[in-house]
Amino acid sequence: MTERFDCHHCEKSLFGKKYILREESPYCVACFEALYASTCEECGKPIGCDCKDLSYKDRHWHEACFHCSRCKSSLVDKPFAAKEDQLLCTDCYSHEYSSKCQECKKTIMPGTRKMEYKDSSWHETCFTCHRCQQPIGTKSFIPKDNQNFCVPCYEKQYALQCVQCKKTTGGVTYREQPWHRECFVCTACKKPLSGQRFTSRDEFAYCLSCFCDLYAKKCAGCTNPISGLGGTKYISFEERQWHNDCFNCKKCSLSLVGRGFLTERDDILCPDCGKDI
């Protein structure tokens with residue numbers, strides 16, 4: 001006798017008929033489709049054995065039903081995107097959901113690399129430095145006035161530059177201009193002025209010592225410079241100057257500050273010492 005060859009489910013003979021093996025058990029087409037065929041997401045009908053079953057994330061479609069939810073164009077062998085259980089071709093997805101480039105205003109297509117900053121997006125090639133126009137990419141940048149700058153360009157255009165060396169600075173401000181501490185020096189002796197008392201002449205800064213040596217008037221009494229700085233008091237008479245402490249009678253050394261006095265050639269005398277002149 002010939003061995004029987006029946007459907008595993010309905011037990012009907014499969015001799016001379018199409019059948020499908022599942023886990024080494026044969027099924028007639030009707031039983032297999034009833035038991036195991038996937039249901040198409042689009043039309044709700046079983047996807048038969050003679051149809052191509054297209055699947056995405058445990059969902060299934062007939063080949064003819066696998067199309068864009070918006071424009072109905074076929075997605076077979078084409079790139080697509082999923083949004084809220086809907087499949088969309090790249091054109092429809094871009095139109096509905098993709099970001100627009102802040103620079104060129106065109107859609108940033110799915111799968112295209114984009115740059116994002118503060119809720120704005122750019123194509124990678126459109127995200128450039130406003131000054132040099134070179135793509136910034138993943139390098140550091142500085143935003144200013146709704147424009148983006150690479151760090152070197154920002155420093156050239158906006159960062160404070162030392163009056164002396166012209167490099168980016170921070171430290172000392174003199175006459176509303178920036179200086180490095182090490183660049184802010186006495187015009188004459190080149191010693192640093194930061195943290196020191198200093199003065200200026202013709203917009204040039206000098207330490208007190210150099211200023212006095214170069215420009216201060218000399219005391220007629222001790223011949224040392226009279227700086228006039230820091231509240232220093234001095235007496236002036238006929239184009240001559242004295243420190244307060246040096247304005248004394250030539251003979252008796254009595255201070256003549258606020259007193260009457262007499263002169264004898266280059267000397268100053270109190271009234272008592274000068275009465276015999």
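Before I turn to the hairpin, let me say that two strands count as paired if DSSP finds at least two bridges between them, and that what we are looking at is a predicted model.

With that in mind, β5 and β6 pair in the antiparallel sense over four bridges, and within this pairing Ala 81 stands opposite Leu 88 in β6. The hairpin these strands form has two residues between them, and Glu 84 there takes a positive phi near 50°. Asp 85, which sits in the loop between β5 (80-83) and β6 (86-89), also has a positive phi, of about 65°, although it is not a glycine. Most residues other than glycine have a negative phi. Asp 85 is exposed, since its relative accessible area is 64%.

Further along the chain, in the loop between β13 (198-201) and β14 (204-207), we find Asp 202, whose phi is positive at about 55° although this residue is not a glycine. Asp 202 is exposed too, with a relative accessible area of 61%.

Let me move on to the pockets. The largest pocket has a volume of about 370 Å³, and 16 residues line it, with Gln 102, Trp 122, Asn 146, Gln 147 and Asn 148 lying nearest its centre. Both β8 (120-123) and β10 (147-150) supply at least two residues of that lining, which divides into six nonpolar, eight polar and two charged residues.

The second largest pocket has a volume of about 250 Å³, and of the 16 residues lining it, Trp 179, Thr 187, Glu 203, Phe 204 and Ala 205 are the closest to its centre. Here β12 (177-179) and β14 each supply at least two lining residues, and the lining comprises nine nonpolar, three polar and four charged residues.

Terms used
Residues are numbered from 1 along each chain as its sequence is written. This is a predicted model: local features need pLDDT of at least 70, side-chain atom pairs count only at pLDDT 80 or more; totals for chains, interfaces and linings use all residues. Side-chain values use heavy atoms; hydrogens and water are left out. Buried means under 20% relative accessible area, exposed over 50%, partly exposed in between (1.4 Å probe, protein chains only). On a 1 Å grid over the protein atoms alone, a cavity is a set of points where a 1.4 Å probe fits but cannot get out, and a pocket is an open set with protein on both sides within 12 Å along at least five of seven lines; lining residues have an atom within 4 Å of a point. Grid points are joined across faces, edges and corners, and a volume is the space filled by probe spheres set on the points. Ala, Val, Leu, Ile, Met, Phe, Trp, Tyr, Cys and Pro count as nonpolar, Asp, Glu, Lys and Arg as charged, and the others, Gly among them, as polar.
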